[in-house]
Amino acid sequence: MPEGVVTPPPAFPRGEAVGRWEGMLRFMRSAGFRFALLFAVIFIGASALFALVLWYATAGSLDRQTDAAVRTDALGLIERWREGGPGAVSEAIADRLASDVEGTAIYLLLDANDARLAGNLDRWPPGLPPEATWTFGTVQREGAQIEARLYAIELGERYSLVVGRDVAEKQKLRTLLAEGIAWAAVAAAAFALLGAAVLRRAVEMRLRPAALTAQAIAAGDLSRRVPISQRADEFDRLGGSMNDMLERIDRLMAGVRGVSDSIAHDLRTPIARARAKLEEALGEQTDAETLRAAMEQGIADLDHITRVFGALLRIAEAEAGARRAAFAPLDLVPVLADVAEFYGAVAETGGQSIAVDLPVRLDVVGDRDLLAQAVGNLIDNALKFTPSGGSVRISARAPARERIDIVVEDTGPGLSATDRARAGERFFRADASRGTPGSGLGLSLVRAVAHLHGGDLFLEDASPGAPVRGLRATIRLGVA
Amino acid sequence: MVCDMLRLPILALVVAAPVFATGAEPVARVTTDSPDYCRELAQRLAPMPGARTEPARSLAEDGLRLCENGNPRSGVARLRRAIRAARLEH
């Protein structure tokens with residue numbers, strides 16, 4: 001979609017119900033809703049766990065106490081049965097009932113004919129098996145039916161015993177506790193929903209500046225940046241990263257615009273010059289020699305244009321990493337020596353000298369041709385700006401494992417700090433170099449080659465503080 | 001524990017079951033909340049050595065009075081305290 005174009009509303013508005021469903025689905029898919037849901041689930045889970053622990057420690061404890069008391073009571077009566085038979089058990093039951101101050105004890109002893117011998121129940125509880133069985137049953141007390149915990153035992157000789165406790169009071173406590181937990185659950189659910197809503201709103205509000213900025217940029221306003229708060233939290237870090245990204249995009253786009261402008265400017269001049277010369281030669285009554293000279297000049301101008309395009313393509317290839325497939329292990333020393341020898345003749349012509357300081361061997365993995373061209377560009381630049389009688393020094397060393405420095409120093413005027421900062425840009429030419437031939441692409445290619453090999457290009461004064469500072473250009477190769 | 005929490009509705013069903021189960025076997029009745037049991041406890045207390053001393057004596061009198069006034073459960077509770085006090089006194 002073209003930049004800045006807004007999608008028009010549909011010609012036939014969809015139904016309100018469909019729109020509402022879509023809105024609901026979009027809301028449920030949102031990160032804010034999912035965070036809020038997660039919060040609610042965790043909150044309710046924690047509340048449920050708390051309620052279970054509370055129930056186990058209170059109602060569960062009451063039940064366990066009752067069971068323990070009934071079991072102890074039953075074991076005591078079984079012991080009496082073994083010692084004295086039915087009579088002893090009857091007397092023990094009567095005795096225990098007489099001292100049951102709480103009034104919760106329940107006993108019943110039946111003989112082999114199901115006749116009641118002792119206890120405070122008028123009959124065997126319906127549905128209660130005589131063998132060792134625990135159950136919750138119902139008994140009648142003062143006209144009301146109450147809950148009781150009952151334990152039935154067969155003593156022997158078909159004598160049956162029921163030991164139990166009236167748990168109506170404990171049941172009331174349990175009901176109160178259950179009601180409390182139910183109300184607490186309602187409150188917890190309400191708090192969970194409220195907290196979830198607040199959380200969702202907070203996430204939405206914190207993301208809103210970034211979303212608005214992204215929308216504005218999508219609409220074409222590239223100057224917008226994400227406002228950063230003073231909280232220094234994750235959202236601020238995200239906003240900062242977005243702003244860094246936008247700054248970089250801005251710089252790249254400015255670079256692209258600058259390159260386009262430079263291409264238009266730098267190519268228009270030789271094309272216009274060639275055209276003017278050819279037109280001039282064609283229009284005038286010139287001899288064959290003059291016509292030939294004009295054509296040669298035109299061809300030279302076109303060759304220059306071809307070289308500029310070739311350099312641009314090579315830089316683009318290096319920056320895109322397309323040449324990385326051609327990387328191979330190589331010894332850098334003979335490559336540098338060949339380049340130095342090639343430019344040695346040029347230096348002699350200009351009255352300059354080239355000094356070489358290379359180790360025995362420098363192993364590197366890279367593109368031989370690109371490295372040779374990068375070093376050649378540096379030497380070419382150095383010779384171009386070094387006056388007659390000056391010298392250029394080429395050295396290389398490996399100061400650290402997996403790092404190689406290739407240094408080209410000259411005794412020329414050097415570069416100002418401002419020019420050094422821009423020296424790697426395409427078509428950039430310092431004011432002092434306007435009069436020398438060149439396209440402003442040499443150092444761009446060097447920097448691109450250094451980046452391709454996992455390194456960078458560094459420019460500094462060769463002799464800081466000296467009247468003639470010179471320039472030291474270092475290609476630092478890293479792990480490619 | 002979950003079973004404990006489920007017990008509430010189960011108990012409600014258990015309690016309500018006799019209402020719907022017409023003709024079912026009658027529920028067992030607790031017999032110790034009655035004037036007869038008050039008298040039985042009084043007879044059990046009487047021969048105890050500490051029955052005439054305080055606080056067993058007062059508790060027994062209160063218990064019998066409550067039983068005569070139609071509050072056998074409270075009366076039984078007082079008489080049981082009286083028996084316990086008499087045993088401790090002894």
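**A walk through the cores and backbone oddities**

With 11 C-beta neighbours inside 10 Å, Glu142(A) falls in the exposed class, because that class takes residues with 12 or fewer. This is a predicted model, and Glu142(A) is a good place to start reading it. The residue lies in the loop that links β3 (133-141) to β4 of chain A, and its phi is near 50°, a positive value in a residue that is not glycine. Most residues other than glycine have a negative phi, and most peptide bonds are trans.

Ala232(A) makes a good companion. Its phi is positive too, at about 55°, although Ala232(A) is not a glycine. You will find Ala232(A) in the loop between α4 (168-218) and α5 (234-283) of chain A. Ala232(A) also counts as exposed, because it has 10 C-beta neighbours inside 10 Å.

Now let us turn to the interior. The largest nonpolar core has 43 residues, and the members that touch the most others are Tyr107(A), Val162(A) and Ala82(B). At least two residues of this core come from each of α3 (59-98), β1 (105-110), β4 (144-156) and β5 (159-166) in chain A, and likewise from each of α2 (35-45), α3 (56-68) and α4 (72-89) in chain B. A separate second core holds 42 residues, among them Val375(A), Leu383(A), Val408(A) and Val449(A).

Back to Ala82(B): leaving out residues up to four places away in sequence, Ala82(B) touches Leu45(B), Ala56(B), Leu59(B), Ala60(B) and Gly63(B).

One last stop is in chain B, where Glu54(B) and Pro55(B) are joined by a cis peptide bond with omega about 5°. Pro55(B) sits in the loop between α2 and α3 of that chain.

Key:
Residues are numbered from 1 along each chain as its sequence is written. Chains are lettered from A and ligands numbered from 1 in the order in which they are written. This is a predicted model: local features need pLDDT of at least 70, side-chain atom pairs count only at pLDDT 80 or more; totals for chains, interfaces and linings use all residues. A nonpolar core is a set of buried Ala, Val, Leu, Ile, Met, Phe, Trp, Tyr and Cys residues joined through C-beta atoms within 7 Å. A residue is buried if 20 or more other C-beta atoms lie within 10 Å of its own, exposed if 12 or fewer, and partly exposed in between; C-beta atoms are placed from the backbone. Helices (H or I, at least four residues) and strands (E, at least two) are DSSP runs, numbered from the N terminus. Two residues are in contact if their C-beta atoms, placed from the backbone, lie within 7 Å.
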